[in-house]
Amino acid sequence: MFVLVGCSQSPAPASAPEANKPPELSSTIDKPEETKLDQKTSLTELEAKHKLKAYAGAKELTAEVFKRGDGGTKFVVFFTTADDTKKVTDFYKAELGDGKVDAKGVGTSMGMTKADASVIAITEPADKGSKVKITLISYSKS
């Protein structure tokens, strides 16, 4: 029977400032730089190009497009509808797979489209119906 006895030297522990350093985040998680493009979009375009069903009876207010520093493109569309937040949230929950309405009546739906775009729909009560913000982020497939 052999018994090996030895001494190993482990590296010195990291200094306090390095030990408390946060892990690096991806550019998607830590909000990449965005540049507003001189182009518009619409719910109809999001439906045609990104497979997100347009909400029936939506009255579009604004629609903008941004180029993201992580290579994605962000589309933001605001619209109003006469429908309440629960109905709008249920519609997007069926489309995206997730949705809920909080105690203040604000609905949140999120998920992926059939064209692999990520979407967040925020629905807030308005005077006569709801105001909705759709944020869709898409990445070109190479």
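Me: On which side of α2 are Thr-44 and Ala-48 exposed, and what makes a residue exposed or buried?

Reply: Exposed means over 50% relative accessible area, buried under 20% and partly exposed in between, with a 1.4 Å probe and protein chains only. Thr-44 and Ala-48 are exposed on the other side of α2 from its buried residues, Leu-43, Glu-45, Leu-46 and His-50. This is a predicted model, where local features need pLDDT of at least 70 and side-chain atom pairs count only at pLDDT 80 or more, while totals for chains, interfaces and linings use all residues. Residues are numbered from 1 along each chain as its sequence is written, and side-chain values use heavy atoms, leaving out hydrogens and water.

Me: How do you know which residues make up a helix such as α3?

Reply: Helices are DSSP runs of H or I with at least four residues, strands are runs of E with at least two, and both are numbered from the N terminus. The expected span is 1.5 Å times one less than the number of residues. The twelve residues of α3 should therefore span 16 Å, and the end C-alpha atoms are 16 Å apart, which agrees.

Me: And why say that the buried residues of α3 line one face?

Reply: They are Thr-85, Val-88, Thr-89, Tyr-92 and Leu-96. The arc is taken from the directions from the helix axis to the C-beta atoms. Here it is 95 degrees, so these residues line one face of α3. That fits a general point: an α-helix has 3.6 residues a turn, so residues three or four places apart point the same way.

Me: Why is Tyr-92 called buried but Phe-91 partly exposed?

Reply: Tyr-92 has a relative accessible area of 0%, so it is buried. Phe-91 has 25% relative accessibility, which means it counts as partly exposed.

Me: What makes Tyr-55 and Phe-79 a stacked pair?

Reply: Rings of Phe, Tyr and Trp (its six-membered ring) pair if their centres lie within 6.5 Å; planes under 30 degrees apart are stacked, over 60 edge-to-face and the rest tilted. Tyr-55 and Phe-79 have centres 6.0 Å apart and planes at 20 degrees, so they are stacked. Phe-91 and Tyr-92, at 4.9 Å and 90 degrees, are edge-to-face. These four residues form one aromatic cluster.

Me: How do you know that the charged end of Lys-74 sits over the ring of Phe-66?

Reply: NZ of Lys or CZ of Arg must be within 6 Å of the ring centre and within 35 degrees of the ring normal. The charged end of Lys-74 is 5.2 Å from the centre of the Phe-66 ring and sits over it.
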